[in-house]
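Biologist: I'd like to zoom in on a single strand and see what it touches. Could you walk me through it?

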Amino acid sequence: MTLEDPATIAAATHPVRAAVLDALREPSTAAAVARTIGQSRQNVAYHLKELEKVGLVRHVGQRQNGNFLEQVYESVARAFVVSPTATWGDPDARAAAMADQLSLGELFRTGERLQRDSATLLDR
């Protein structure tokens, strides 16, 4: 999955959230992820909610564990790639600068296509 939105990139690159995303390549609960990454369940549950808000994890069900009903989450993709356009700023200024540089624009589009294809292959 290619990340372009600054809020999504910020969420994915936070150290605890990156560890949570890595642990959620397979469906799991906050408690299981907490054990895996060495954080408290409450801290992981907070970060799970933040990742869910930006669309990087999804709720996939519930699991009974004794008297507790645990929520099960999974990552929306197995790999995340940050788009180079995320660091470019104003799209209008970028378009004006690239208008005279057709070969650079084509090279950039090819790079983005390769990046998307790589992310798709990694998600398999």
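Biologist: In β4, which residue is the bridge partner of R63?

Modeller: That's E70. Quick caveats: this is a predicted model, where local features need pLDDT of at least 70 and side-chain atom pairs count only at pLDDT 80 or more, while totals for chains, interfaces and linings use all residues. Numbering runs from 1 along each chain as its sequence is written, and side-chain values use heavy atoms, with hydrogens and water left out.

R63 sits in β3, residues 57–65, which runs antiparallel to β4, residues 68–75, over 8 bridges (strands are DSSP E runs of at least two residues, helices H or I runs of at least four, numbered from the N terminus; pairing takes at least two bridges). The two strands make a hairpin with 2 residues between them, and G66 in that turn has a positive phi of about 65°. β4 also pairs with β2, residues 28–29, again antiparallel, over 2 bridges. There, S28 stands opposite Y73 of β4.

Now for the pocket. The largest pocket has a volume of about 240 Å³ (an open set of 1 Å grid points taking a 1.4 Å probe, with protein on both sides within 12 Å along at least five of seven lines; volume is the space filled by probe spheres on the points). Among its 13 lining residues (an atom within 4 Å of a point), those closest to the centre are A30, A31, R41, E70 and Q71. So E70, the bridge partner of R63, turns up here too. Helices α3 (30–37) and α4 (41–53) each give two or more residues to the lining, as does β4, but β4 gives the most, with 5.
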